[in-house]
Amino acid sequence: MISIVASRLVFATEAAPIQVPPTEEVFRSFSDRVVKIEVQETGSAAKASIGSGFFVSPLGHLVTNYHVVAEVVQHPDRYRASLSIGDEEETAALEILNVDVAHDLAIVKSETAPARHFTLAEVDAPQGLRLYSLGHPLDLGLNIVEGTYNGFLKHALDERIHFTGSLNPGMSGGPAITAEGRVMGVNVATAGEQVSFLVPVGWAVLLLQETLSPGFQRGPLVEVVRRQILDYQERFVSELLASSPPRVKLGGFDLPTRPAPYFNCWADANRDDGVGYETVDHQCATDDYIFVSDELVSGQLWFYHRLLESDELNRFQFAELYTDDFQTTYHGMGGSESEVTPFRCHTGAVGERGITFKTVFCVRRYRRLEGLYDMVFKGAVVGRPLVGLETALLASGVSFENAEALVRWYMKEFSWSE
Amino acid sequence: MERVITVEVLDRRGRVRERVRLERLPAFVGRAYTNDVVLEDRFVSEQHCAIRETESGELSIEDLGSLNGVKVFTEIPSGSLTLRSGDRFRVGETLLRLVTATHPVAPAEPLPADEGGLLHALRDFRLALAVVIASLAIFSLEEYLTAYYDTGFMAVASPALLGLGALGLWSGIWAFVNRLLTHRFDYLRHLSCVCLAAVAYLLVESFSEYAEFIFSSERLGFAIRFIGGAATTYLLFSAHMAVIPASTRRLRRFWALGGTSLLLGLASLLSYTGPDDLVDEIPVRVPIKAVGASLILPQTTSEFLEGARWVRERADEEADKEDR
């Protein structure tokens, strides 16, 4: 069956226009290589989450997303993973062998050998190529979704394939394949409205190779996750520190903006009726993040500036407004008490290039991942009547040294030019 | 030498209500106006008893056939009763005490120091009223200087009036206690005391915020607020107690201390918002003030970060302490 499909495609590519096999044929050919992965709580045997995975070796190795099995990695004592194929009730236990938390991949192994499996290899494809994504959306049974390959994401720190097609929860970890059964990527995320993302297969190839290499030893997975996040942040922070961001002008201040292509920046000015002040906001953030667990994401970096001005309030009223606005901090990093410690903050005053800031530096640590912190740095320019400038730099999942280095790098970029 | 003998009419608590100096002996006690000591007590007979001097010069009391009799609180044989100075006896419902001129009295107590000071001056209701009105003006000014969303008259005046209302209620309680203990209200004096304390606390708080702004130390701010708050509260309680003239200095100190601890305890209970381990909040207190920025001694970014290293140690400790 495989060979038939393959040969027809070879034929098809030779003689344009391409003839695409019907979707039902693709489904029939490859559905038995895709499994449902279920994570259960060991105590209650209750289903905690579901996802998908696919066989990539005759020995029973499967590729899935790290986030599908994250609970098992983080709490092996409380959760276990199992797989089922098709509509079968029977499940088989899964062992997690290796993870790539930065690319949201995991290699798991089933004790039962599969009848057939996908062979992973790097692929190159033209934009617009038809892809078929397989998985178990919302636990409704195995499903196939047609879509198109739209190249790699621009403005992203990590490579992701832009897949135009509807991925739904539960399809995570399933393969997105070409008609002839070559895996292009692993279903990972969706932005809704047909905008979905795949992990390029190349990363799965590397992870599988590492896992299958003779010298491979399965270490404690939490430690593997910790190392990978440390490596990841080291990579992007050092790249950032070497950059010299362009400046944006805000009320006489020259401020850093979009330091790298993978940042998105927005600006907005606001003056509500009946309020005696106006605000101008400028913010930049990375789109990328690393899923660590259900309650914790990492690897994000963003910063914002807010200019506050008033021609109606008096100095004292303005100072009160400025205080209230500055003390309100939305960090949006999520995290639960079981994952992170509370924020601890140090307040002070910093003077750089003639500007005096009131500053706050806060960190919280990842409880299980030693050496990783979420950081919030805030500054408020003081000494200018009826003008306030607040700025904040937030980073999740960085080493303390990098948190400090980021603040130093950031503070270099402020100046006053009016 | 003529003997000076006084009969004291006591109230139920044993305090002297009336003193009658006996002009002659024997002296008569009863309800009729012919008596030397005339009592208003329906359980007392017209001529109830007589106080006599015996041949040996002792004083004795004799029941003159009264309906309800005489009860003497001393060691005496029945019939004609011998009394010593300071002995008490009851006729009807009235308690009496007999004292002679040589009866010792307690030494004089010094006047409370604050009599004659501000508290004394506040007896003048015009001054007390002026204090209350000035305080209201200060509350309104404070309200006006911190209102940035709505600086309208009502937005500024209503919280100030509401605050004054709360202080008025507080003073009312004190005035009521005052009335119970000394039959006087002194409401305006109590109100002016608490207004002064509120203004003092406003100053303390403002001072602490400026200190935090300039020296970037939450601890310093907290210390100022705590010490200033405790001192203000103590002074307030002392003032209320002093306005009630029946209170002695020791009593005043006791209640002022007790009241301060109670109020501070209550305040800390009310401001306690659960254990300080909310991961979704960033606990910062960074007051920014309109003046004083030039007094700030800023650090370089590196110096600031060096000073901030402790947050890492704290976070590490907390992460290791309880690996959940």
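**View 1. A hairpin in chain A with a positive phi at A:Asp104.** In the hairpin that β5(A) and β6(A) form, 4 residues sit between the strands, and A:Asp104 takes a positive phi near 60°. Keep in mind that this is a predicted model. Strand β6 covers residues 105-110 of chain A, and β5(A) pairs with β6(A) in the antiparallel sense over 6 bridges. Looking for a register mark? A:Glu95 has A:Lys109 in β6(A) as its bridge partner. On to the neighbouring pairing: strand β4 (residues 79-85) of chain A runs antiparallel to strand β5 (residues 92-100) of chain A, with 2 bridges joining them. Here A:Leu83 stands opposite A:Ala92 in β5(A).

**View 2. Helix α3 of chain A, buried from end to end.** This helix spans residues 66-74 of chain A, and 9 of its 9 residues are buried, so the rest of the structure largely encloses it. Reading along α3(A), the buried residues are A:Tyr66, A:His67, A:Val68, A:Val69, A:Ala70, A:Glu71, A:Val72, A:Val73 and A:Gln74.

**View 3. The barrel of chain A.** Go round the barrel and you meet 6 strands of chain A in the order β7-β8-β9-β12-β11-β10, with antiparallel pairing. From one strand to the next, the twist averages 45°. Zoom in on strand β10 (residues 175-177) of chain A and strand β11 (residues 183-192) of chain A: these two run antiparallel and are joined by 3 bridges. A:Ala176 is paired with A:Gly185 in β11(A) as its bridge partner.

**View 4. Two helices on the strands of chain A.** Helix α4 (residues 201-212) of chain A packs on the sheet, where it touches β11 and β12 (195-200) of chain A. The direction of α4(A) makes about 35° with that of β12(A). Then there is helix α2 (residues 23-30) of chain A, which lies across β7 (130-135), β8 (143-152) and β10 of chain A. Relative to β8(A), α2(A) runs at about 100°.

**View 5. Chain B, stretched out.** Stepping back a little, chain B has 8 helices and 10 strands. Its radius of gyration is 33 Å, well over the 20 Å that the globule rule gives for 324 residues, so chain B is more spread out than a compact globule. Along the principal axes, the C-alpha atoms of chain B fill a box of roughly 105 × 55 × 35 Å. Of the 324 residues in chain B, 27% are buried. As for contacts in chain B between residues at least 6 apart in sequence, 45% join residues at least 24 apart.

**View 6. Where α2 and α3 of chain B cross.** Helix α2 (residues 125-146) of chain B and helix α3 (residues 153-182) of chain B have axes that come within 8 Å and cross at roughly 135°. That angle makes α2(B) oblique to α3(B). The crossing of these two helices is right-handed. What does α2(B) bring to meet α3(B)? B:Leu136, B:Phe139, B:Ser140, B:Glu143 and B:Tyr144 do the job on that side. Their counterparts in α3(B) are B:Val156, B:Ala157, B:Pro159, B:Ala160, B:Gly163 and B:Leu164.

**View 7. Chain B against chain A.** The contact draws 43 residues from chain B and 54 residues from chain A. On the side of chain B that touches chain A, at least two residues come from each of α2, α7 (301-307) and α8 (310-321) of chain B. Which helix gives the largest share of that side? Here α8(B) leads, with 8 residues.

Methods: Residues are numbered from 1 along each chain as its sequence is written. Chains are lettered from A and ligands numbered from 1 in the order in which they are written. This is a predicted model: local features need pLDDT of at least 70, side-chain atom pairs count only at pLDDT 80 or more; totals for chains, interfaces and linings use all residues. Two strands pair if DSSP finds at least two bridges between them. The radius of gyration is taken over C-alpha atoms; the globule rule is 2.2 Å times the number of residues to the power 0.38. A residue is buried if 20 or more other C-beta atoms lie within 10 Å of its own, exposed if 12 or fewer, and partly exposed in between; C-beta atoms are placed from the backbone. Two residues are in contact if their C-beta atoms, placed from the backbone, lie within 7 Å. Axes are lines fitted to C-alpha atoms, for helices over the stretch in contact, and angles run from 0 to 180 degrees between N-to-C directions. Angles under 35 degrees count as roughly parallel, over 145 as roughly antiparallel, 65 to 115 as roughly perpendicular and the rest as oblique. A crossing is left-handed if the near helix is turned anticlockwise from the far one by less than a right angle, and right-handed if clockwise.
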